[in-house]
Structures are given as structure tokens and as C-alpha cells.
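Biologist: Could you take a close look at a single strand for me, and then at a few spots elsewhere? I'd love one connected walk through it.

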Amino acid sequence: MDNPSGPAPATDSHLPMGLRTPLRDDAFARSDEEKITAISGHFEAIMRELGLDLTDDSLAGTPRRVAKMFVKEWFKGLDPANRPEVRMFENRYDYHQLLVERDITLFSCCEHHFVPIIGKAHVAYLPGQHVVGLSKLNRVVQYYARRPQVQERLTRQISEELKQSLGTDDVAVLIEADHLCVMSRGVNDTSSSTLTSEYSGQFATDEALRREFLRQIGK
């Protein structure tokens, strides 16, 4: 079931192939509880290999806590059941100027070392005949962030989802984040951060519009 050429799981089937999070075809064959039980056993084995005493009352429940965190929190964006429904509303107020949602809290996880990515996302779009409830922009960011990620893919996944959901190419996404794989291991650089952006539609062609977006998010 590891063949990457097989049919794509429903999680990202609406995205271009290059933007899909790598998943096996049987990614959702097990229930959440089955996954938690299996991961708990694997993590207990890791802790034992590290020499930890799992009879200690502080450590005894850690394998299941970690497993539950992985399935229900850190990586819940892998489950298509958690994909947010982006409900649109008629633009009765005839608002067609730049709409920006900035400083969206972003927690993700580096897929190379499985340590946190912590930052902020800024998204914007130009409304047409419809507008979206603002909290849905946050939910789209959180859905794609809550899975093993690289920041470049995450940025483009959010952009593509918003373009499809909003029915417009006029979308901008900018993410600024700290990667604990850089800060807490390897080069141990605690002062650097990573910025990625994706501009589509008028944001890609209109330099003044991009500058206004950056001005409004304080860049």
C-alpha cells in the first residue's frame, strides 16, 4: 500500500499533484482510536530505548498522551473530515477593496524532524460577488498547518484552497515562522525566521496592490 502512483486519498485530491501532502493509499483505513493505540505502543518503545523508566508516575501515561496529541491535535489536518467548509455570503455591501486577515496564529510540524513550526500567517483577497466569514480564513490556515509540513508547500496549499473556495485568483498569502529544527538542533540559530509568500491574480501583476498588502501587515 506504499505505492505513490495509486489513487490519492481524499485529503488533498482537489489540489494539484505537487501540492498534496504525501500520504499512502490506506492512510484512513484505521480509526483514530486504532491509530492512537498503535502509536502509543511505538512511542513507548522509543522511550524504553532511551532508557526512561515508564513505571514512574510522570512518564507512565506519556505514550498515549503523545499518540493522542499526534492524531487529534498536531496532525488532525491529515483527516479530510476536518477540512473546513468555507461558506460564502452575498456581498450586499458592495465591498471590493482589499480584505486582509493578518497575524493568524500558526502551529505546524516540520516533516523532516517532527519538531514544531511556530509563526503567523497573513492572507488577503479581493472580494467579488461574495465574501467569506472571517473565521474561515483562520480555519483554512489551521487545517493545512496541522500536519507534517514544509513551509513552502503549506503556503501554496493555503493559497490554492482559498482560490478554490473563494472563487477568485486574487489571493495573497504570506507566512513568517520559526522552525525549531533550526533553533533547537543543527545550527541552533534562535534569531532567524523564515518568510514565504504566494501571490495570485491581481496580487501577482499589480505591484501597488502587493505593496498595500505588505503595508497593512506591517512589512
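Modeller: Happy to! A good place to start is A121, whose bridge partner in β6 is I175. Please keep in mind that this is a predicted model. That pair belongs to the link between β3 and strand β6 (residues 171–179), where 9 bridges join the two strands and they run antiparallel.

β3 also pairs with strand β2 (residues 99–110): 9 bridges join them, and these two run antiparallel as well. One of the pairs here is L106 with its bridge partner G119 in β3. The hairpin of β2 and β3 has 5 residues between the strands, and in this hairpin F114 takes a positive phi near 55°.

How many of the 10 residues of β3 are buried? The count is 7, so strand β3 (residues 116–125) is largely enclosed by the rest of the structure. As a general point, side chains in a regular strand alternate between the two faces of the sheet.

Now for the helices. E160 sits in helix α4, which covers residues 151–166. Its relative accessible area is 16%, and E160 counts as buried because that value is under 20%. Leaving aside neighbours within four places in sequence, E160 is in contact with L15, P16 and L19.

I46, found in helix α1 (residues 32–49), gives another picture. I46 is partly exposed, with a relative accessible area of 45%. Together with L50 and L52, I46 makes a nonpolar surface patch of about 290 Å².

How values were computed:
Residues numbered from 1 in each chain as written. Predicted model: local features only at pLDDT ≥ 70, side-chain atom pairs only at ≥ 80, totals over all residues. Heavy atoms only, no water. Helix = DSSP H or I, 4+ residues; strand = E, 2+ residues; numbered from the N terminus. Buried < 20%, exposed > 50% of the residue type's maximum accessible area, 1.4 Å probe, protein only. Contact = heavy atoms within 4.5 Å. Patch = residues over 30% accessible without salt bridge, like charges linked within 9 Å, V, L, I, M, F, W, Y side chains within 5 Å. Areas by Shrake-Rupley, 256 points an atom, 1.4 Å probe, with all protein chains shown as cover. Salt bridge = Lys/Arg side-chain N within 4 Å of Asp/Glu carboxyl O. Pairing = 2+ DSSP bridges.
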